[in-house]
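This report goes through one protein chain, from its overall form down to single residues. Please look at the sequence and the model first.

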Amino acid sequence: DAVTLSAALKLNITVTELNLSNNTISPVGVAHLAKLLRANHQIRTLVLRSTAAGPEGGTALAKTLSSSTSLQSLDVRSNKLGDSAAAQIADALHHNTSLSSL
């Protein structure tokens with residue numbers, strides 16, 4: 001599950017791309033992955049297409065994006081993030097200096 005994966009990747013120094021598309025990770029799992037990105041600066045690409053992130057997962061990602069300096073590409077298509085989480089992500093991008101693809 002995403003919680004276990006996040007814990008395993010916390011000390012990772014080799015994985016730079018993580019594609020978890022089409023896995024039902026849930027908002028809780030996405031929140032753990034967002035937390036992972038704050039601790040792990042090696043992951044440059046995160047693909048979470050169709051992972052059931054929902055608004056809660058989108059909010060967690062927005063919090064991470066506002067301070068991330070390593071993530072360059074994020075794909076959150078088909079997650080029903082909702083207007084509020086999308087607005088939070090858009091606001092976070094004003095503070096983000098590394099993301100070049102969303």
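The sections below cover the whole chain, then its surface and charges, then selected residues.

## Model and overall form

The model is predicted, not experimental. The chain contains 4 helices and 3 strands. In sequence order these elements follow the pattern α-β-α-β-α-β-α. The radius of gyration is 12 Å, close to the 13 Å that the globule rule gives for 102 residues, so the chain is as compact as a globular protein of that length.

Along its principal axes, the C-alpha trace spans about 35 × 30 × 15 Å. Contacts between residues 24 or more positions apart make up 83% of the contacts with a separation of 6 or more.

## Burial, surface and charge

Of the 102 residues, 44% count as buried. The chain exposes about 5,500 Å², and carbon and sulfur atoms supply 53% of that area.

The chain carries 8 positive and 6 negative charges. The mean positions of the two sets are 6 Å apart.

## Helix H2 and its partners

Valine 30 is in helix H2. With a cut-off of under 20% relative accessible area for burial, valine 30 counts as buried because its relative accessibility is 0%. Leaving aside neighbours within four places in sequence, valine 30 is in contact with Ile25, Leu48, Thr51, Ala53, Gly57 and Leu61. One of these partners, glycine 57, is 27 residues from valine 30 along the chain, and the two C-alpha atoms are separated by 5.2 Å.

Serine 26 also lies in helix H2. Its phi is near 85°, a positive value in a residue other than glycine. Serine 26 has a relative accessible area of 25% and is therefore partly exposed.

## Threonine 64 in helix H3

Helix H3 covers residues 54-65, and threonine 64 lies in this helix. Is threonine 64 buried or exposed? Its relative accessible area is 2%, so threonine 64 is buried.

The side chain of threonine 64 reaches the backbone oxygen of alanine 34 at 2.9 Å. Alanine 34 also appears among the contacts of threonine 64, together with Lys35, Leu37 and Arg38, when neighbours within four places in sequence are left aside.

## The loop between E2 and H3

Serine 50 and alanine 52 are both in the loop that runs from E2 to H3. Serine 50 has a positive phi of about 55° although it is not a glycine. At 27% relative accessibility, serine 50 counts as partly exposed.

Alanine 52 has a relative accessibility of 40% and so counts as partly exposed. Which residues does alanine 52 contact, leaving aside its neighbours within four places in sequence? They are Thr24, Ser26, Pro27 and Asn79. Alanine 52 is 27 residues from isoleucine 25 in sequence, while their C-alpha atoms are 6.3 Å apart in space.

## Asparagine 40

Asparagine 40 is in the loop between helix H2 (26-39) and strand E2 (45-47). Its relative accessible area is 2%, so asparagine 40 is buried.

A polar atom of the asparagine 40 side chain lies 2.7 Å from the backbone nitrogen of glutamine 42. Not counting residues up to four places away in sequence, asparagine 40 touches Leu9, Lys10, Asn12 and Ser70.

## Threonine 14

Threonine 14 is found in the loop between helix H1 (2-9) and strand E1 (17-19). How does its accessibility class follow from the numbers, and which class is it? Exposed means over 50% relative accessible area, and threonine 14 counts as exposed because its relative accessibility is 65%.

Threonine 14 and proline 55 are 41 residues apart in sequence. From C-alpha to C-alpha, threonine 14 and proline 55 are 30 Å apart in space.

Note on methods: Residues are numbered from 1 along each chain as its sequence is written. This is a predicted model: local features need pLDDT of at least 70, side-chain atom pairs count only at pLDDT 80 or more; totals for chains, interfaces and linings use all residues. Side-chain values use heavy atoms; hydrogens and water are left out. Helices (H or I, at least four residues) and strands (E, at least two) are DSSP runs, numbered from the N terminus. The radius of gyration is taken over C-alpha atoms; the globule rule is 2.2 Å times the number of residues to the power 0.38. Buried means under 20% relative accessible area, exposed over 50%, partly exposed in between (1.4 Å probe, protein chains only). Contact means heavy atoms within 4.5 Å. Accessible areas come from the Shrake-Rupley method with a 1.4 Å probe; for residues, only the protein chains shown count as cover. Lys and Arg count as positive and Asp and Glu as negative; His and the chain ends are not counted. The place of a charge is taken as NZ of Lys, CZ of Arg, CG of Asp or CD of Glu. A polar contact is a pair of N or O atoms within 3.5 Å; within protein, one must be able to donate a hydrogen and the other to accept it, and residues adjacent in sequence count only if both atoms are side-chain atoms.
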